[in-house]
Amino acid sequence: MEPDTPNELARRKERVRELKDKGAQPYKARFKRTHLTAAIVEVHSDLESGEHSETKVSVSGRIRAIRRHGKASFIVVEDASGTIQLYLSIDKLGSLYDEFLALDVGDIVGVQGVVFRTRRGELSIDVSNYELLTKSIRPLPEKWHGLKDVEIRYRERHVDLIVNPDVKKVFDQRIKIVRAVRDFLDTRDFLEVETPMLQPIPGGATARPFITHHNALDMSLYMRVAPELYLKRLIVGGYEKIYEVNRNFRNEGISVKHNPEFTMLEVYEAYADYLDMMALTENLIKDISKTIGLPDKFEYQGVELDWSQPWRKMTMLESLEELAGLKLSFDMTLAELKSVAEDKSVKVAETDGKGKILTGIFEKLVEPNLVQPTFITDYPLEITPLAREHPENPNMVERFELIICGREVANAFTELTDPLEQRRRLEAQASLRKSGDEEAQWLDEEFLKALEIGMPPTGGLGIGIDRLVMILTNSASIRDVLFFPQLRRKKV
(Lines give C-alpha, C1' and ligand atoms only; values in the text may rest on other atoms or scores of the structure.)
Protein backbone atom coordinates (compact mmCIF):
# COMPACT_ATOMS: atom_id res chain seq x y z
CA MET A 1 0.00 0.00 0.00
CA GLU A 2 1.25 3.39 -0.92
CA PRO A 3 1.49 6.21 1.62
CA ASP A 4 -1.19 8.90 1.63
CA THR A 5 1.02 11.62 0.15
CA PRO A 6 0.32 14.44 -2.33
CA ASN A 7 2.46 12.60 -4.91
CA GLU A 8 0.46 9.40 -4.53
CA LEU A 9 -2.84 11.28 -4.75
CA ALA A 10 -1.61 13.03 -7.88
CA ARG A 11 -0.51 9.71 -9.42
CA ARG A 12 -3.89 8.12 -8.88
CA LYS A 13 -5.78 11.12 -10.17
CA GLU A 14 -3.61 11.06 -13.29
CA ARG A 15 -4.45 7.39 -13.72
CA VAL A 16 -8.16 8.26 -13.67
CA ARG A 17 -7.60 10.87 -16.39
CA GLU A 18 -5.65 8.35 -18.50
CA LEU A 19 -8.43 5.80 -18.27
CA LYS A 20 -11.06 8.35 -19.26
CA ASP A 21 -8.92 9.58 -22.17
CA LYS A 22 -8.80 5.99 -23.46
CA GLY A 23 -12.58 5.78 -23.31
CA ALA A 24 -12.61 3.57 -20.23
CA GLN A 25 -15.02 4.23 -17.35
CA PRO A 26 -13.27 3.95 -13.97
CA TYR A 27 -16.60 4.42 -12.11
CA LYS A 28 -19.09 1.83 -13.33
CA ALA A 29 -22.83 1.99 -12.66
CA ARG A 30 -23.37 -1.64 -11.64
CA PHE A 31 -21.98 -5.16 -11.62
CA LYS A 32 -23.93 -8.39 -11.51
CA ARG A 33 -22.31 -10.83 -9.10
CA THR A 34 -23.38 -14.39 -8.49
CA HIS A 35 -21.79 -15.08 -5.11
CA LEU A 36 -20.53 -13.50 -1.91
CA THR A 37 -17.08 -14.68 -0.91
CA ALA A 38 -18.31 -16.34 2.28
CA ALA A 39 -20.72 -18.52 0.30
CA ILE A 40 -17.92 -19.62 -2.01
CA VAL A 41 -15.74 -20.58 0.94
CA GLU A 42 -18.58 -22.51 2.60
CA VAL A 43 -19.73 -24.43 -0.48
CA HIS A 44 -16.20 -25.40 -1.60
CA SER A 45 -14.69 -26.32 1.75
CA ASP A 46 -14.16 -29.93 0.59
CA LEU A 47 -12.03 -29.10 -2.46
CA GLU A 48 -8.66 -30.84 -2.35
CA SER A 49 -5.36 -29.03 -2.96
CA GLY A 50 -4.83 -28.54 -6.68
CA GLU A 51 -8.47 -29.41 -7.48
CA HIS A 52 -10.65 -27.25 -9.74
CA SER A 53 -14.42 -27.13 -9.33
CA GLU A 54 -16.87 -26.67 -12.17
CA THR A 55 -18.37 -23.61 -10.52
CA LYS A 56 -18.08 -20.37 -12.46
CA VAL A 57 -18.57 -17.32 -10.27
CA SER A 58 -18.75 -13.55 -10.48
CA VAL A 59 -17.59 -11.71 -7.38
CA SER A 60 -16.89 -8.10 -6.57
CA GLY A 61 -15.07 -6.28 -3.83
CA ARG A 62 -12.21 -4.06 -2.74
CA ILE A 63 -8.61 -5.04 -3.44
CA ARG A 64 -6.87 -5.57 -0.10
CA ALA A 65 -3.53 -7.00 -1.26
CA ILE A 66 -1.57 -7.56 -4.47
CA ARG A 67 1.29 -10.07 -4.81
CA ARG A 68 2.99 -9.83 -8.19
CA HIS A 69 5.00 -12.89 -9.32
CA GLY A 70 5.99 -12.76 -12.99
CA LYS A 71 3.50 -14.73 -15.06
CA ALA A 72 1.20 -15.69 -12.15
CA SER A 73 0.06 -13.29 -9.43
CA PHE A 74 -2.40 -13.14 -6.58
CA ILE A 75 -4.88 -10.50 -5.46
CA VAL A 76 -7.05 -10.57 -2.32
CA VAL A 77 -10.50 -8.98 -2.61
CA GLU A 78 -12.95 -8.26 0.18
CA ASP A 79 -16.72 -7.92 0.13
CA ALA A 80 -19.20 -7.53 2.97
CA SER A 81 -18.98 -11.23 3.86
CA GLY A 82 -15.21 -11.78 3.85
CA THR A 83 -12.18 -12.16 1.61
CA ILE A 84 -11.04 -14.51 -1.15
CA GLN A 85 -7.88 -14.89 -3.19
CA LEU A 86 -7.82 -14.27 -6.94
CA TYR A 87 -5.35 -16.18 -9.10
CA LEU A 88 -4.14 -14.29 -12.18
CA SER A 89 -2.38 -16.11 -14.99
CA ILE A 90 -0.88 -14.41 -18.03
CA ASP A 91 -1.74 -17.50 -20.06
CA LYS A 92 -5.44 -17.09 -19.34
CA LEU A 93 -5.72 -13.28 -19.17
CA GLY A 94 -3.29 -12.29 -21.93
CA SER A 95 -3.08 -8.51 -22.24
CA LEU A 96 -5.52 -8.10 -19.35
CA TYR A 97 -2.89 -9.54 -17.00
CA ASP A 98 -0.64 -6.45 -16.84
CA GLU A 99 -3.70 -4.20 -16.93
CA PHE A 100 -5.16 -5.94 -13.88
CA LEU A 101 -1.86 -5.77 -12.01
CA ALA A 102 -1.65 -2.03 -12.69
CA LEU A 103 -4.55 -1.52 -10.30
CA ASP A 104 -4.01 -0.29 -6.74
CA VAL A 105 -4.92 -1.60 -3.34
CA GLY A 106 -8.27 0.02 -2.50
CA ASP A 107 -9.67 -0.24 -6.03
CA ILE A 108 -13.02 -2.02 -6.33
CA VAL A 109 -13.22 -4.72 -9.00
CA GLY A 110 -15.56 -7.33 -10.37
CA VAL A 111 -14.15 -10.64 -11.64
CA GLN A 112 -15.32 -13.84 -13.29
CA GLY A 113 -13.63 -17.21 -12.95
CA VAL A 114 -13.67 -20.78 -11.69
CA VAL A 115 -13.26 -21.77 -8.04
CA PHE A 116 -10.27 -23.97 -7.22
CA ARG A 117 -7.82 -24.72 -4.44
CA THR A 118 -4.13 -23.98 -5.00
CA ARG A 119 -1.45 -26.58 -4.36
CA ARG A 120 -0.71 -24.74 -1.12
CA GLY A 121 -4.33 -25.20 -0.02
CA GLU A 122 -5.68 -21.67 -0.56
CA LEU A 123 -9.23 -21.50 -1.92
CA SER A 124 -9.07 -19.14 -4.90
CA ILE A 125 -10.76 -17.98 -8.07
CA ASP A 126 -8.96 -18.66 -11.33
CA VAL A 127 -9.77 -15.34 -13.02
CA SER A 128 -10.82 -15.29 -16.66
CA ASN A 129 -11.99 -11.66 -16.84
CA TYR A 130 -12.20 -8.55 -14.70
CA GLU A 131 -13.70 -5.05 -14.59
CA LEU A 132 -12.51 -1.99 -12.71
CA LEU A 133 -15.68 -0.79 -10.95
CA THR A 134 -14.33 2.06 -8.81
CA LYS A 135 -10.88 3.64 -8.90
CA SER A 136 -9.65 4.55 -5.42
CA ILE A 137 -7.87 7.91 -5.46
CA ARG A 138 -7.04 8.13 -1.77
CA PRO A 139 -5.00 5.15 -0.58
CA LEU A 140 -5.76 3.18 2.56
CA PRO A 141 -3.38 3.27 5.55
CA GLU A 142 -0.44 0.91 5.25
CA LYS A 143 -1.41 -2.56 6.42
CA TRP A 144 1.45 -2.90 8.88
CA HIS A 145 0.46 0.32 10.61
CA GLY A 146 -3.33 0.19 10.21
CA LEU A 147 -5.40 3.05 11.55
CA LYS A 148 -4.48 3.53 15.20
CA ASP A 149 -5.09 7.23 15.84
CA VAL A 150 -8.38 7.30 17.76
CA GLU A 151 -9.32 10.79 16.58
CA ILE A 152 -8.82 9.84 12.92
CA ARG A 153 -10.69 6.56 13.44
CA TYR A 154 -13.78 8.38 14.70
CA ARG A 155 -13.62 11.11 12.05
CA GLU A 156 -12.98 8.69 9.17
CA ARG A 157 -15.12 5.76 10.25
CA HIS A 158 -15.37 4.59 6.64
CA VAL A 159 -11.62 3.93 6.63
CA ASP A 160 -11.73 2.52 10.15
CA LEU A 161 -14.28 -0.09 9.05
CA ILE A 162 -12.15 -1.10 6.07
CA VAL A 163 -8.79 -1.51 7.80
CA ASN A 164 -9.79 -2.57 11.33
CA PRO A 165 -11.85 -5.79 11.15
CA ASP A 166 -12.62 -5.80 14.89
CA VAL A 167 -14.36 -2.44 14.55
CA LYS A 168 -16.80 -3.83 12.01
CA LYS A 169 -17.46 -6.81 14.29
CA VAL A 170 -18.61 -4.42 17.04
CA PHE A 171 -21.04 -2.69 14.71
CA ASP A 172 -22.27 -6.02 13.35
CA GLN A 173 -23.06 -6.95 16.97
CA ARG A 174 -24.82 -3.62 17.50
CA ILE A 175 -27.07 -4.33 14.52
CA LYS A 176 -27.88 -7.78 15.93
CA ILE A 177 -28.62 -6.31 19.37
CA VAL A 178 -31.13 -3.77 18.03
CA ARG A 179 -32.76 -6.50 15.93
CA ALA A 180 -32.92 -8.75 19.02
CA VAL A 181 -34.62 -5.96 21.01
CA ARG A 182 -37.36 -5.72 18.39
CA ASP A 183 -37.75 -9.49 18.11
CA PHE A 184 -38.08 -9.88 21.89
CA LEU A 185 -40.78 -7.21 22.16
CA ASP A 186 -42.62 -8.15 18.97
CA THR A 187 -43.03 -11.75 20.12
CA ARG A 188 -44.61 -10.43 23.35
CA ASP A 189 -47.23 -8.43 21.43
CA PHE A 190 -45.63 -5.00 21.82
CA LEU A 191 -46.14 -2.72 18.82
CA GLU A 192 -43.39 -0.49 17.48
CA VAL A 193 -44.48 3.12 17.01
CA GLU A 194 -42.89 6.43 15.99
CA THR A 195 -43.19 9.83 17.63
CA PRO A 196 -41.96 13.30 16.58
CA MET A 197 -38.29 14.26 16.75
CA LEU A 198 -39.20 17.93 16.29
CA GLN A 199 -41.32 19.04 19.23
CA PRO A 200 -42.84 22.38 20.23
CA ILE A 201 -42.06 21.52 23.87
CA PRO A 202 -39.10 19.26 24.74
CA GLY A 203 -40.63 17.13 27.47
CA GLY A 204 -40.11 13.76 29.11
CA ALA A 205 -36.65 14.20 30.60
CA THR A 206 -34.56 16.52 32.72
CA ALA A 207 -32.20 17.79 30.03
CA ARG A 208 -31.16 20.85 28.06
CA PRO A 209 -32.54 20.69 24.50
CA PHE A 210 -31.27 21.74 21.08
CA ILE A 211 -33.41 24.47 19.50
CA THR A 212 -34.15 25.11 15.84
CA HIS A 213 -36.60 27.21 13.80
CA HIS A 214 -39.29 26.18 11.34
CA ASN A 215 -39.46 28.85 8.64
CA ALA A 216 -42.88 28.05 7.15
CA LEU A 217 -44.58 27.98 10.55
CA ASP A 218 -42.34 30.75 11.91
CA MET A 219 -41.95 28.96 15.21
CA SER A 220 -39.23 27.55 17.40
CA LEU A 221 -38.96 23.78 17.65
CA TYR A 222 -36.79 21.53 19.77
CA MET A 223 -35.03 18.27 19.04
CA ARG A 224 -36.61 15.73 21.35
CA VAL A 225 -34.89 14.91 24.60
CA ALA A 226 -37.25 11.94 25.10
CA PRO A 227 -40.37 10.50 23.42
CA GLU A 228 -42.07 9.79 26.76
CA LEU A 229 -44.95 12.26 26.72
CA TYR A 230 -46.01 11.33 23.19
CA LEU A 231 -45.86 7.61 23.97
CA LYS A 232 -48.05 8.14 27.03
CA ARG A 233 -50.57 9.94 24.84
CA LEU A 234 -50.73 6.78 22.71
CA ILE A 235 -51.46 4.77 25.87
CA VAL A 236 -54.31 7.21 26.58
CA GLY A 237 -55.47 6.62 23.00
CA GLY A 238 -55.92 2.91 23.59
CA TYR A 239 -52.59 1.27 22.69
CA GLU A 240 -51.64 -0.95 25.60
CA LYS A 241 -48.17 -2.34 24.74
CA ILE A 242 -45.89 -0.10 22.67
CA TYR A 243 -42.22 0.66 22.18
CA GLU A 244 -39.99 2.98 20.21
CA VAL A 245 -36.33 2.62 19.30
CA ASN A 246 -35.71 6.33 19.22
CA ARG A 247 -32.99 8.89 18.63
CA ASN A 248 -32.74 11.55 21.35
CA PHE A 249 -30.79 14.82 21.45
CA ARG A 250 -29.49 16.52 24.58
CA ASN A 251 -27.38 19.65 24.61
CA GLU A 252 -25.01 18.41 27.28
CA GLY A 253 -21.40 17.39 27.80
CA ILE A 254 -19.49 14.72 25.89
CA SER A 255 -17.70 11.86 27.65
CA VAL A 256 -17.01 8.14 27.30
CA LYS A 257 -20.64 7.66 28.43
CA HIS A 258 -22.34 10.61 26.70
CA ASN A 259 -22.94 11.73 23.12
CA PRO A 260 -25.28 14.63 22.24
CA GLU A 261 -27.43 12.28 20.15
CA PHE A 262 -28.03 8.74 21.30
CA THR A 263 -30.37 5.79 20.86
CA MET A 264 -32.93 4.81 23.48
CA LEU A 265 -35.49 2.07 23.76
CA GLU A 266 -38.68 3.22 25.47
CA VAL A 267 -41.40 0.71 26.38
CA TYR A 268 -44.86 1.35 27.83
CA GLU A 269 -47.30 -1.26 29.06
CA ALA A 270 -50.79 -0.51 30.36
CA TYR A 271 -51.90 -2.19 33.60
CA ALA A 272 -48.27 -2.79 34.61
CA ASP A 273 -45.97 -1.14 37.15
CA TYR A 274 -42.25 -0.68 37.70
CA LEU A 275 -41.84 -4.19 39.10
CA ASP A 276 -43.22 -5.60 35.84
CA MET A 277 -40.77 -3.37 33.98
CA MET A 278 -37.97 -4.72 36.17
CA ALA A 279 -38.72 -8.30 35.16
CA LEU A 280 -39.04 -7.24 31.52
CA THR A 281 -35.68 -5.49 31.63
CA GLU A 282 -33.77 -8.44 33.07
CA ASN A 283 -35.38 -10.93 30.71
CA LEU A 284 -34.80 -8.66 27.70
CA ILE A 285 -31.11 -8.08 28.34
CA LYS A 286 -30.42 -11.73 29.15
CA ASP A 287 -32.28 -12.79 25.99
CA ILE A 288 -30.28 -10.35 23.85
CA SER A 289 -27.03 -11.64 25.34
CA LYS A 290 -27.89 -15.22 24.39
CA THR A 291 -29.01 -14.16 20.92
CA ILE A 292 -25.59 -12.63 20.14
CA GLY A 293 -23.76 -15.61 21.62
CA LEU A 294 -22.56 -14.29 24.98
CA PRO A 295 -22.18 -16.81 27.83
CA ASP A 296 -23.76 -16.16 31.24
CA LYS A 297 -20.37 -15.01 32.48
CA PHE A 298 -18.32 -12.68 30.28
CA GLU A 299 -15.73 -9.96 30.59
CA TYR A 300 -16.22 -6.22 30.34
CA GLN A 301 -13.04 -4.13 30.49
CA GLY A 302 -11.23 -6.63 32.70
CA VAL A 303 -14.17 -7.36 35.02
CA GLU A 304 -16.24 -10.55 34.88
CA LEU A 305 -19.98 -9.92 34.74
CA ASP A 306 -22.36 -12.67 35.83
CA TRP A 307 -25.77 -12.91 34.17
CA SER A 308 -26.50 -16.37 35.62
CA GLN A 309 -28.18 -15.33 38.88
CA PRO A 310 -31.26 -13.14 39.44
CA TRP A 311 -30.08 -9.53 39.49
CA ARG A 312 -29.80 -7.85 42.85
CA LYS A 313 -32.37 -5.31 44.05
CA MET A 314 -32.00 -2.67 46.76
CA THR A 315 -33.46 0.75 47.49
CA MET A 316 -31.36 3.87 47.12
CA LEU A 317 -31.34 4.40 50.91
CA GLU A 318 -30.37 0.74 51.52
CA SER A 319 -27.48 1.05 49.07
CA LEU A 320 -26.21 4.19 50.81
CA GLU A 321 -26.17 2.37 54.13
CA GLU A 322 -24.64 -0.87 52.84
CA LEU A 323 -22.10 0.45 50.34
CA ALA A 324 -21.28 3.90 51.71
CA GLY A 325 -21.87 3.34 55.41
CA LEU A 326 -24.36 6.22 55.56
CA LYS A 327 -27.74 5.79 57.26
CA LEU A 328 -29.61 8.67 55.68
CA SER A 329 -33.31 9.47 55.50
CA PHE A 330 -35.84 12.20 54.84
CA ASP A 331 -36.28 12.51 58.59
CA MET A 332 -32.95 14.36 58.67
CA THR A 333 -32.99 18.12 58.31
CA LEU A 334 -31.87 19.82 55.13
CA ALA A 335 -28.88 21.25 57.00
CA GLU A 336 -27.85 17.78 58.19
CA LEU A 337 -27.97 16.35 54.67
CA LYS A 338 -26.03 19.32 53.30
CA SER A 339 -23.40 18.72 55.97
CA VAL A 340 -23.02 15.06 54.92
CA ALA A 341 -22.76 16.08 51.26
CA GLU A 342 -20.11 18.70 52.07
CA ASP A 343 -18.14 16.14 54.11
CA LYS A 344 -18.19 13.76 51.10
CA SER A 345 -17.27 16.50 48.58
CA VAL A 346 -20.67 16.34 46.87
CA LYS A 347 -21.72 19.60 45.23
CA VAL A 348 -25.02 21.06 46.41
CA ALA A 349 -26.89 23.93 44.78
CA GLU A 350 -28.78 26.51 46.84
CA THR A 351 -32.11 25.30 45.43
CA ASP A 352 -31.46 21.58 46.08
CA GLY A 353 -33.90 19.84 48.36
CA LYS A 354 -33.38 16.67 50.35
CA GLY A 355 -34.09 14.42 47.35
CA LYS A 356 -31.46 16.02 45.13
CA ILE A 357 -28.88 15.93 47.89
CA LEU A 358 -29.50 12.24 48.60
CA THR A 359 -29.26 11.49 44.88
CA GLY A 360 -26.00 13.42 44.59
CA ILE A 361 -24.48 11.47 47.48
CA PHE A 362 -25.66 8.19 45.93
CA GLU A 363 -24.22 9.06 42.51
CA LYS A 364 -20.87 10.02 44.03
CA LEU A 365 -20.37 7.23 46.59
CA VAL A 366 -22.47 4.25 45.48
CA GLU A 367 -23.21 4.23 41.76
CA PRO A 368 -19.58 3.96 40.55
CA ASN A 369 -19.09 0.87 42.74
CA LEU A 370 -22.07 -1.09 41.41
CA VAL A 371 -20.36 -3.47 39.00
CA GLN A 372 -22.68 -6.48 38.78
CA PRO A 373 -26.17 -5.69 37.43
CA THR A 374 -28.15 -4.10 40.25
CA PHE A 375 -31.64 -2.60 40.35
CA ILE A 376 -31.67 0.50 42.57
CA THR A 377 -35.27 1.30 43.49
CA ASP A 378 -37.32 4.02 45.17
CA TYR A 379 -35.85 7.34 44.00
CA PRO A 380 -36.69 10.77 45.45
CA LEU A 381 -39.86 12.37 44.07
CA GLU A 382 -37.97 15.68 43.79
CA ILE A 383 -35.91 14.40 40.82
CA THR A 384 -38.67 12.29 39.22
CA PRO A 385 -41.71 14.46 38.40
CA LEU A 386 -43.32 11.96 36.01
CA ALA A 387 -43.42 8.90 38.31
CA ARG A 388 -46.04 7.65 40.78
CA GLU A 389 -45.56 8.40 44.47
CA HIS A 390 -44.38 5.45 46.54
CA PRO A 391 -47.25 4.23 48.77
CA GLU A 392 -44.96 3.79 51.81
CA ASN A 393 -43.03 7.05 51.54
CA PRO A 394 -44.45 10.24 49.98
CA ASN A 395 -40.92 11.56 49.45
CA MET A 396 -40.10 8.69 47.07
CA VAL A 397 -41.51 7.34 43.80
CA GLU A 398 -41.89 3.90 42.25
CA ARG A 399 -38.82 3.99 40.08
CA PHE A 400 -35.73 1.91 39.42
CA GLU A 401 -32.44 2.33 37.62
CA LEU A 402 -30.40 -0.62 36.42
CA ILE A 403 -26.72 0.01 37.14
CA ILE A 404 -23.99 -2.09 35.49
CA CYS A 405 -20.29 -1.29 35.79
CA GLY A 406 -21.12 2.00 37.49
CA ARG A 407 -23.36 3.16 34.62
CA GLU A 408 -27.08 3.67 34.35
CA VAL A 409 -28.31 1.33 31.62
CA ALA A 410 -32.07 1.37 32.25
CA ASN A 411 -34.60 3.60 34.00
CA ALA A 412 -38.25 2.80 34.71
CA PHE A 413 -41.30 4.17 36.52
CA THR A 414 -44.75 3.30 37.58
CA GLU A 415 -46.14 6.23 35.61
CA LEU A 416 -48.04 9.03 37.28
CA THR A 417 -51.62 8.98 35.97
CA ASP A 418 -53.18 11.61 38.25
CA PRO A 419 -53.51 14.71 35.99
CA LEU A 420 -53.93 17.14 38.88
CA GLU A 421 -50.82 15.93 40.68
CA GLN A 422 -48.92 15.87 37.38
CA ARG A 423 -49.87 19.48 36.72
CA ARG A 424 -48.70 20.49 40.20
CA ARG A 425 -45.33 18.84 39.66
CA LEU A 426 -44.79 20.28 36.17
CA GLU A 427 -45.74 23.74 37.45
CA ALA A 428 -43.03 23.32 40.10
CA GLN A 429 -40.59 22.34 37.35
CA ALA A 430 -41.59 25.43 35.36
CA SER A 431 -40.81 27.57 38.40
CA LEU A 432 -37.35 26.01 38.57
CA ARG A 433 -36.82 26.87 34.90
CA LYS A 434 -37.75 30.49 35.57
CA SER A 435 -35.23 30.57 38.41
CA GLY A 436 -32.45 29.48 36.03
CA ASP A 437 -32.50 25.66 35.98
CA GLU A 438 -32.11 25.00 32.22
CA GLU A 439 -32.58 21.25 32.68
CA ALA A 440 -35.89 21.45 34.55
CA GLN A 441 -38.87 20.00 32.70
CA TRP A 442 -41.36 22.07 30.74
CA LEU A 443 -45.09 22.30 31.37
CA ASP A 444 -46.79 20.59 28.42
CA GLU A 445 -50.50 21.46 28.26
CA GLU A 446 -51.23 18.99 25.45
CA PHE A 447 -49.82 16.16 27.54
CA LEU A 448 -51.81 17.25 30.59
CA LYS A 449 -55.01 17.44 28.52
CA ALA A 450 -54.36 13.85 27.42
CA LEU A 451 -53.92 12.72 31.03
CA GLU A 452 -57.25 14.39 31.85
CA ILE A 453 -58.92 12.05 29.34
CA GLY A 454 -57.60 9.22 31.51
CA MET A 455 -54.50 7.03 31.27
CA PRO A 456 -54.69 3.48 32.66
CA PRO A 457 -52.12 2.29 35.22
CA THR A 458 -48.90 2.08 33.21
CA GLY A 459 -45.31 0.96 33.55
CA GLY A 460 -42.67 2.74 31.48
CA LEU A 461 -39.09 1.73 30.72
CA GLY A 462 -36.11 3.34 29.02
CA ILE A 463 -32.91 1.48 28.08
CA GLY A 464 -29.83 3.21 26.73
CA ILE A 465 -29.01 1.16 23.64
CA ASP A 466 -25.54 2.67 23.21
CA ARG A 467 -24.50 1.88 26.80
CA LEU A 468 -25.95 -1.62 26.55
CA VAL A 469 -24.00 -2.22 23.34
CA MET A 470 -20.84 -0.98 25.06
CA ILE A 471 -21.21 -3.63 27.75
CA LEU A 472 -22.19 -6.48 25.43
CA THR A 473 -19.30 -5.76 23.03
CA ASN A 474 -16.64 -4.93 25.65
CA SER A 475 -16.28 -1.37 24.32
CA ALA A 476 -14.69 1.23 26.60
CA SER A 477 -16.24 4.35 25.07
CA ILE A 478 -19.61 5.27 23.61
CA ARG A 479 -17.70 6.53 20.59
CA ASP A 480 -16.67 2.95 19.85
CA VAL A 481 -20.30 1.90 19.33
CA LEU A 482 -21.52 4.91 17.32
CA PHE A 483 -20.72 4.95 13.61
CA PHE A 484 -20.28 8.72 13.65
CA PRO A 485 -19.84 10.17 17.17
CA GLN A 486 -19.99 13.92 17.62
CA LEU A 487 -16.53 15.53 17.53
CA ARG A 488 -15.21 19.03 17.87
CA ARG A 489 -14.83 20.65 14.46
CA LYS A 490 -11.35 20.03 13.11
CA LYS A 491 -9.24 23.13 12.62
CA VAL A 492 -8.14 23.58 9.02
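Colleague: In the open sheet with β7, β9 and β8, how do the three strands pair, parallel or antiparallel?
Modeller: The pairing is antiparallel, and the order of the strands across the open sheet is β7-β9-β8. Strands here are DSSP runs of E with at least two residues, helices are runs of H or I with at least four, and both are numbered from the N terminus; two strands pair if DSSP finds at least two bridges between them.

Colleague: Before we go on, what sort of model is this?
Modeller: It is a predicted model, in which local features need pLDDT of at least 70 and side-chain atom pairs count only at pLDDT 80 or more, while totals for chains, interfaces and linings use all residues. Residues are numbered from 1 along each chain as its sequence is written, and side-chain values use heavy atoms, with hydrogens and water left out.

Colleague: Back to the sheet, then: which strands are at the edges?
Modeller: The edges are formed by β7, residues 198-199, and β8, residues 211-214, each of which pairs on one side only.

Colleague: And how many bridges link β7 to β9?
Modeller: Two bridges hold β7 against β9, which covers residues 219-223, in the antiparallel sense. Taking Leu198 as an example, its bridge partner in β9 is Met223.

Colleague: Changing strand, why do you call β17 largely enclosed?
Modeller: Strand β17 runs from residue 393 to 404, and because nine of its twelve residues are buried, the rest of the structure largely encloses it. Buried means under 20% relative accessible area, exposed means over 50%, and partly exposed lies in between, computed with a 1.4 Å probe on protein chains only.

Colleague: How many bridges does β17 make with β15, and how many with β18?
Modeller: β17 is joined to β15, residues 374-380, by six bridges in an antiparallel arrangement, and another antiparallel set of six bridges joins β17 to β18, residues 407-414. Glu401 is a useful residue to follow across these strands, since you can find it opposite Ile376 of β15 on the one hand and opposite Asn411 of β18 on the other.

Colleague: What about β16, how does that one connect to β17?
Modeller: β16 and β17 form a hairpin with two residues between them. Strand β16 covers residues 389-390 and runs antiparallel to β17, with two bridges joining them, and within this pair His390 has Asn393 as its bridge partner.

Colleague: What is in the turn between β17 and β18?
Modeller: That is also a hairpin with two residues between the strands, and Cys405 in the turn has a positive phi of about 55 degrees. For background, most residues other than glycine have a negative phi.

Colleague: Which other non-glycine residues have a positive phi?
Modeller: Asp189 has one of about 70 degrees, and Asn474 has one of about 55 degrees. Asp189 belongs to the loop between α7 (165-186) and β6 (191-192), where it counts as exposed because its relative accessible area is 59%. Asn474 lies just after α15, and with a relative accessible area of 34% this asparagine is partly exposed.

Colleague: And α15 itself, buried or exposed?
Modeller: Eight of the eight residues of α15, residues 465-472, are buried, so the helix is largely enclosed by the rest of the structure. The buried set includes Asp466 and Arg467, together with Ile465, Leu468 and Val469.

Colleague: Switching to helix packing, at what angle do α8 and α14 meet?
Modeller: Helix α8 (residues 228-236) packs on helix α14 (residues 445-453) at an angle of about 25 degrees, and the axes are 9 Å apart. Axes are lines fitted to C-alpha atoms over the stretch in contact, and angles run from 0 to 180 degrees between N-to-C directions.

Colleague: Which residues are involved in that contact?
Modeller: From α8 come Leu229, Lys232, Arg233 and Val236, and they meet Glu446, Phe447, Ala450 and Ile453 of α14, where contact means heavy atoms within 4.5 Å.

Colleague: Near the N terminus, where does Thr5 sit?
Modeller: Thr5 is in the segment before α1 (6-21), and it counts as partly exposed because its relative accessibility is 28%. Although Thr5 and Arg138 are 133 residues apart in sequence, their C-alpha atoms are 9.0 Å apart in space.

Colleague: Last one, what does the whole chain look like in numbers?
Modeller: The chain has 15 helices and 19 strands, its C-alpha trace spans about 90 × 55 × 50 Å along the principal axes, and 49% of its 492 residues are buried. Among contacts between residues at least 6 apart in sequence, 66% join residues at least 24 apart.
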